[in-house]
Amino acid sequence: IGVGAAVFAVGGGYYWYQSNQHTTLEETYLVAPNFTLPDRDGAPVVLSEVSGDVRIINFWASWSPYSKDELPALVRLKQAYDDNLTVIALNRDTNPHEGYAFLQSLGLSHELTFVFDQQDAYFDQVRGFAVPETLFLDKEGNIRAHIHGPMTYEEMDAQVKQMIE
């Protein structure tokens with residue numbers, strides 16, 4: 001009984017300590033690391049120079065079946081929010097030509113800001129886990145949401161609305 005009581009006391013004390021930490025959500029935001037990556041024409045895109053009240057970075061690949069649905073939803077979202085929203089579609093294909101051909105097959109080759117990261121360095125830097133994966137950044141560059149896995153248009157729209165309000 002003595003060991004059990006000690007474990008309970010330590011565990012209960014830790015739970016109380018964790019539950020009484022009064023950290024506001026704003027204090028927990030991380031600033032997105034900057035990047036300079038080439039677009040489809042080889043021109044550099046610098047994250048810190050991209051404007052918009054909300055910036056979305058979507059990690060996608062031509063081999064991901066979810067990207068086929070998510071990329072058109074991002075185009076629709078961009079059209080709905082116009083200048084208040086910038087969408088960066090960051091391709092994870094090892095061959096950028098495969099990614100670009102995939103975009104052309106979907107009719108999306110000029111709809112969003114596409115960048116290619118052949119070394120997958122930025123995905124590793126933000127501790128990416130799956131494809132697709134999406135970062136929502138506020139205008140200061142803070143990561144307000146990091147979503148692992150596919151999202152519907154409605155989920156993306158709800159996230160953007162929450163950030164704009």
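Guide: Some vocabulary before we look: helices (DSSP runs of H or I, at least four residues) and strands (runs of E, at least two) are numbered from the N terminus. This is a predicted model, where local features need pLDDT of at least 70 and side-chain atom pairs count only at pLDDT 80 or more, while totals for chains, interfaces and linings use all residues. Residues are numbered from 1 along each chain as its sequence is written, and side-chain values use heavy atoms, with hydrogens and water left out.

Visitor: Okay, how many helices and strands are there in the protein?
Guide: Walk along from the N terminus and the elements go α-β-β-β-β-α-β-α-β-α-β-β-α. That gives 5 helices and 8 strands.

Visitor: Where is R92 found?
Guide: R92 touches F59, W60, A61, D120, F123 and V131, skipping residues up to four places away in sequence; contact here means heavy atoms within 4.5 Å. R92 itself is found in the loop between strand 5 (85-91) and helix 3 (96-106).

Visitor: Is R92 buried or exposed?
Guide: Buried means under 20% relative accessible area, exposed over 50%, and partly exposed in between (1.4 Å probe, protein chains only). R92 comes out at 15%, so R92 is buried.

Visitor: Which side chain is joined to that of R92 by a polar contact of 2.4 Å?
Guide: A polar contact is a pair of N or O atoms within 3.5 Å; within protein, one must be able to donate a hydrogen and the other to accept it, and residues adjacent in sequence count only if both atoms are side-chain atoms. At 2.4 Å, the partner of R92 is D120.

Visitor: R55 is buried yet has no salt bridge, so how far away is the nearest side chain of opposite charge?
Guide: Lys and Arg count as positive, Asp and Glu as negative, and His and the chain ends are not counted. A salt bridge needs a side-chain nitrogen of Lys or Arg within 4 Å of a carboxyl oxygen of Asp or Glu. R55 is found in strand 4 (residues 54-60), and the nearest side chain of opposite charge, D138, is away by 5.6 Å.

Visitor: Which residue has its backbone oxygen 3.4 Å from a polar atom of the R55 side chain?
Guide: The backbone oxygen of K139 lies 3.5 Å from a polar atom of that side chain. The one at 3.4 Å belongs to D138.
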